[in-house]
Amino acid sequence: MLREIIPLAAMSEFFEALQTVPLLRYALLAGILSSFSFGVVGSFVVVRRIGYIAAAIAHCVLGGIGGAIFLSRTFDIPWLTPMTGALTVAILSALLIGYVTLHAKEREDTIIGAIWAVGMAAGLIFLHYTPGQGVNLESYIFGNILLTSKSDVWATAILSLVVVGVAILFYPKLVAVCFDEEFTRLRGVNSAGYFLLLLVLLAVGIVLLVRLTGIILAIALIVLPAATASRFGQRLWSIMAIAVFLSLVYTTSGLATSYIAELPTGPLIVILAAIGYGISFLIPMNRFR
Amino acid sequence: MSLEPQVAVGLSNVTHKFGSTLVLDDVNASIKVGESLCIIGPNGGGKSTLLRIILGLLDPTSGEVRVFGKSPKAARKDMGYVPQSIRFDPLFPISALEIVLMGRLDRLRLGGYSRDCRAKARDALEMVGLADVASKPFADLSGGQRQRVLIARALASQPKVLLLDEPTANIDLSVEEQFLETLKVLQKSMTVLLVTHDLDVISEIGDSVLCVNRRVHRHSLPLSPTTIAEIFSGGHRIEHDRRTRHAQGDHSACRHE
């Protein structure tokens, strides 16, 4: 009783658990590693105003998860994990949505909405036909970070490194494409290619979020830290740095609090991010300008 | 050597249709190297389409476009394009210098811009009189400053021809004068093509104008009231032009004074 009232004691309980419970350690590591990727990707999403594309990709991911579970159980393909399916479909839907955005003359939102719904519907139908015991759909829709394994941590590390590395290597071109696609093309840069690259990075960032917050809440952690950061940063790179820092704070404190208070982790992290965004409006922007 | 390189922009029998709508009809024009002029015409007359065709952003339905004897896409390196500043997201977190550096994108491989590129970008900002706002966010600049940053970006590419799309549309009059001074200096060293429907601007750039209204005609300056009426098909513009001339001491268009 007393331990729950005194936060310090509760915190020490969390640190003790980190030593003894490997799953909690993996969850914390995965949360920290993935924060780098969605801080960076989210900043591009906010300044380029493509939150709806992020949301569409996130929902399509369910199609990948359902498809992978269905195929791996029906045809006995052990390496086809839900996350492999999620990554494949996320990247494919990112490319498809990118193609629509670049080439549709009008009503691209309608087409993107259709892709969004079809991706999700396909996932549910795949899961309906999946043989064997029922699949815990809820853990994909709302996330369950405590399902993280050691190999997941490695996968998260590699994917996060790829996202951040590519963003650094192509930073000026990605910024240029976001700011003025037409001028970038006139300078002989393959601007469509770089826009698609950006959406692929976004797809990877979203997949890394699925275990943490699930597909429905992924959009919140893509957008909220970067939106908060954009109120204070004057350049894209400074917004990215602040967004990564905020993401680290939200994931680690969210995980610790949810463990202590026995609350669902993903939703708690999202609430923390939303509170942070709300508080940012109380701080005058001019102070930093 | 052929005569080709003497022509900065050459259009022969250029026709463009959007669906079944004829926007440009058999356009022939030739702009010499070193020559500068304005492209004018009513809204919807095809000015922007013509500019986009010259830039190679749009392929004409038929006809041929040559820029310094090459196809527009091959000549992109030599073209500096200045779009309207109103098009941009004013909240985009970017500094003036970062925007100007985009003019050097074609020289960029991986990672950041070279020291040489940064020096060229700073030179370009200096040329438009904005060296002191290099690190300021785009959002904090005035309309006139934003427009000049976009000119500096085009200059950073070291172009042979500068193409501007309605650069005075969103800036106030006091800034416009300053802006025209910058252009007057620039047209001494390169070809300047300026799309506008601002009659005050055309007399400052070059000694003729290209009038675009489905067809294209070249008129020498100053324009007669009948020409203006033909171009803009309305009395409003003529009266505006008369008042401008009147203010400048030119009463040729005034009736009772």
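Helix 3 (22-48) and helix 12 (236-261) of chain A each give at least two residues to the lining of the second largest cavity. Please keep in mind throughout that this is a predicted model. The space in the second largest cavity comes to about 30 Å³. Around this space stand A:Leu28, A:Gly31, A:Ile32, A:Ile145, A:Leu212, A:Thr251, A:Thr252, A:Leu255 and A:Ile269. In terms of class, six residues of this lining are nonpolar, three are polar and none is charged.

How many cavities of 30 Å³ or more does the structure hold? There are two. The largest cavity contains about 40 Å³ of space, and its lining draws on both chain A and chain B: A:Phe183, A:Leu186, A:Arg187, B:Leu55, B:Arg76, B:Met79, B:Gly80 and B:Tyr81. Two elements give two or more residues to that lining, namely helix 10 (181-186) of chain A and strand 5 (79-82) of chain B. Strand 5 of chain B makes the largest contribution, with three residues. Here the classes are five nonpolar, one polar and two charged.

I turn next to the largest pocket. Its volume is about 550 Å³. It is lined by 16 residues, and those closest to its centre are A:Leu102, A:His103, A:Lys105, A:Glu181 and A:Arg185. Helix 5 (82-103), helix 10 and helix 11 of chain A each provide at least two lining residues. Seven residues of the pocket lining are nonpolar, three are polar and six are charged.

Helix 11 of chain A also leads us to a helix packing. Two packed helices are described by the angle between their axes and the distance between the axes. For helix 4 (residues 51-74) and helix 11 (residues 191-230) of chain A, the angle is about 80° and the axes lie 8 Å apart. The two helices are therefore roughly perpendicular to each other. Which classes of residue make up this contact? There are 19 nonpolar residues, two polar residues and no charged ones. On the side of helix 4 of chain A, the residues in contact include A:Ile53, A:Ile57, A:Val61, A:Leu62 and A:Ile65. Helix 11 of chain A meets them with residues including A:Leu199, A:Leu202, A:Ile206, A:Val210 and A:Ile219.

Let us now move to chain B. Six of its strands form an open sheet with mixed pairing, in the order 5-6-7-3-8-9. Why do strand 5 and strand 9 (215-220) of chain B each have one side without a neighbour in the sheet? They stand at the edges and each has a single partner strand, so one side of each is left free of a neighbour in the sheet. On average, and with direction ignored, neighbouring strands of this sheet are turned by 20° against each other.

One strand pair may serve as an example. Strand 8 (residues 208-213) and strand 9 of chain B pair in the antiparallel sense over six bridges. Within chain B, B:Val209 is found opposite B:His219 of strand 9.

Finally, two helices of chain B lie across strands of this chain. Helix 1 (residues 47-55) of chain B crosses strand 3 (37-40), strand 5, strand 6 (161-165), strand 7 (191-195) and strand 8, and runs at about 150° to strand 6. Helix 4 (residues 143-156) of chain B lies across strand 5 and strand 6, at about 165° to strand 5. Strand 5 of chain B thus appears twice in this talk: at an edge of the sheet, and in the lining of the largest cavity.

Notes:
Residues numbered from 1 in each chain as written. Chains lettered and ligands numbered in written order. Predicted model: local features only at pLDDT ≥ 70, side-chain atom pairs only at ≥ 80, totals over all residues. Heavy atoms only, no water. Axes fitted to C-alpha atoms, helices over the stretch in contact; angles between N-to-C directions. Helix = DSSP H or I, 4+ residues; strand = E, 2+ residues; numbered from the N terminus. Parallel < 35°, antiparallel > 145°, perpendicular 65-115°, else oblique. Contact = heavy atoms within 4.5 Å. Nonpolar A, V, L, I, M, F, W, Y, C, P; charged D, E, K, R; others polar. 1 Å grid on protein atoms, 1.4 Å probe; cavity = no way out; pocket = protein on both sides within 12 Å on 5 of 7 lines; lining within 4 Å. Points joined across faces, edges and corners; volume = space filled by probe spheres on them. Pairing = 2+ DSSP bridges.
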